[in-house]
Amino acid sequence: MADDAPMPVHLPTVLDGLAENPALPAGMARRLVRYRRGFGHVARRADLTLDVIEEILDSGHHWLLHSLALNPRMPNTVRMRLAAHTDPAVRAALAAHARDAPRELYERLIDDPDTRVRSNLAERDDVPADLLARLAGDPDPQVRATLARWWTQAPGAVRRALLTDPVGEVRAAACATCYARLPHPVPPPGLVTGLLADPVTRAGAVRHAILTPRLAARLAGDPDHQVRRQLAEHPQLPPPVRDQLTDDPSANVRVGIFGRRDTPEPARHRIYQDIQQGERPLTDLLNDDLDDDALLQQVEDHMAVAELRHLRLDWVTADPLPHLSSPYICFRRSAARSRTLPPDAVTRLLNDNDSGVRTTMATHAPHLVDPATAERIDREFQPDKKTNWRPADNFTFPPQTLRRLATDPDPRMRRLAPRDLDLPVELTERLATDPDSMVRHAVARHPNLPIHTRRALLADPNERVAHATAAAPTLPTAEMDRLLTLAGI
């Protein structure tokens with residue numbers, strides 16, 4: 001062990017990374033079980049022996065037991081013991097992650113006194129149907145609402161019970177505009193009239209209604225803009241009501257009309273212009289002296305501007321060629337989702353002035369994207385929201401490109417360089433001392449890092465960098481032992 005090796009700044013985080021390291025020897029994993037700081041990640045390992053599992057069970061340490069409950073590879077005998085544990089958080093973790101478990105485990109958990117346990121079971125798709133059905137009568141409405149959101153293909157009797165539940169929260173979850181799992185459920189036809197009469201289920205029921213002119217006119221005057229939005233998207237919407245909703249006070253509703261195939265182009269253009277011109281920064285909205293309802297409406301209107309960019313229009317995707325030059329970004333993005341575009345149309349959309357159009361086209365026709373174009377699209381990528389994904393994740397760049405990017409002025413592009421597993425040592429060392437922590441994080445697992453560089457990254461001031469370095473399977477066992485010794489285990 002080198003006496004001058006730097007001390008890790010975030011030792012507990014480093015040991016959590018070490019616990020996840022697939023190359024960690026069994027003896028060192030056992031040493032980690034004795035560690036009482038961190039989050040017990042060692043208990044999630046796939047290679048735990050029965051004696052180590054027994055040691056974890058006997059430890060009484062919350063985080064070790066919680067991680068063991070999250071481990072999907074536990075023997076069923078161990079799961080049964082965890083199902084009887086006195087800590088409800090351990091049982092809840094087990095209910096969320098135990099896969100392919102025997103029926104007796106689910107029978108034990110289905111009547112658990114802790115709501116979190118039963119709610120976690122309600123989200124599962126592998127629990128026997130007759131046991132899930134019991135949750136439709138659970139005493140806690142939160143559990144019933146969770147079941148309604150997740151069990152979208154519940155038997156008719158269960159779905160009916162949830163749709164007619166005495167608690168509005170449950171009924172709203174059972175008849176919603178969006179669910180946690182596809183496909184969306186269809187309510188029994190005999191219940192639709194009652195669901196439309198109920199304010200909490202009305203918005204979710206609109207899409208299932210047979211839309212007569214009289215019903216459409218009544219729904220167009222509903223005070224809930226979500227009801228009017230669902231009406232705006234209904235395929236049977238009468239043209240007079242469509243034209244009425246074109247001037248709806250809610251931008252959210254007008255977006256629904258904007259995206260219809262049968263909307264006249266002058267009306268579509270007017271909606272687009274009105275929504276764009278009415279955009280205001282959210283900071284301005286929060287400074288206004290508005291009541292809650294008015295503030296919510298203003299926020300919805302603000303979000304409508306973003307929706308105009310990423311609205312997915314299946315009818316445009318099905319017939320993309322007329323929309324390649326559309327003035328509406330969402331039309332061009334929807335066209336780019338087509339996988340049947342001719343090469344010249346693909347080239348056109350790959351050079352669109354909108355990053356979302358270029359990215360969508362690149363990911364839907366990767367075989368027509370050369371490395372230079374892939375690099376350009378990734379370099380110019382401007383996501384609509386925060387994401388760890390990037391267009392480069394869909395492409396393989398040649399080594400010469402990745403080595404060039406190692407010295408690129410843009411740190412975001414330098415992060416791609418470690419994807420070359422044969423990256424020269426001098427470049428890995430350069431990236432390991434990069435001022436951008438995300439670049440250091442990207443190179444932390446690289447096999448060509450010298451040992452002194454790995455030690456420096458283990459002591460990196462950024463926790464994510466230190467964690468990634470410790471989790472690298474190429475970390476020498478001598479370094480693993482050094483870290484355990486530093487922790488006193």
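Visitor: Why is Glu307 called buried?

Guide: In this predicted model, Glu307 has a relative accessible area of 17%. Buried means under 20%, so Glu307 is called buried.

Visitor: What makes the contact of Arg229 with Glu307 a salt bridge?

Guide: The closest N and O atoms of Arg229 and Glu307 are 2.7 Å apart. The cut-off is 4 Å between a side-chain nitrogen of Lys or Arg and a carboxyl oxygen of Asp or Glu, so the pair counts as a salt bridge. Arg229 lies in helix H16 and Glu307 in helix H21, 78 residues apart.

Visitor: How do you know whether Arg229 is buried or exposed?

Guide: The relative accessible area of Arg229 is 6%. That value is under 20%, so Arg229 is buried.

Visitor: Why is Asp51 called partly exposed?

Guide: Asp51 has a relative accessible area of 39%. Partly exposed runs between the 20% and 50% limits, so the term applies to Asp51. Its salt-bridge partner Arg30, at 27%, is partly exposed by the same limits.

Visitor: What makes Arg30 and Asp51 a pair that links distant parts of the chain?

Guide: Arg30 is in helix H2 and Asp51 in helix H3, with their positions 21 residues apart. Their side chains meet at 2.5 Å, N to O, which is within 4 Å and therefore a salt bridge.

Visitor: How do you know that Arg440 and Asp460 form a salt bridge?

Guide: Their closest N and O atoms are 2.7 Å apart, within the 4 Å cut-off. Arg440 has a relative accessible area of 10% and Asp460 one of 5%; buried means under 20%, so both are buried.

How values were computed: Residues are numbered from 1 along each chain as its sequence is written. This is a predicted model: local features need pLDDT of at least 70, side-chain atom pairs count only at pLDDT 80 or more; totals for chains, interfaces and linings use all residues. Side-chain values use heavy atoms; hydrogens and water are left out. Helices (H or I, at least four residues) and strands (E, at least two) are DSSP runs, numbered from the N terminus. Buried means under 20% relative accessible area, exposed over 50%, partly exposed in between (1.4 Å probe, protein chains only).
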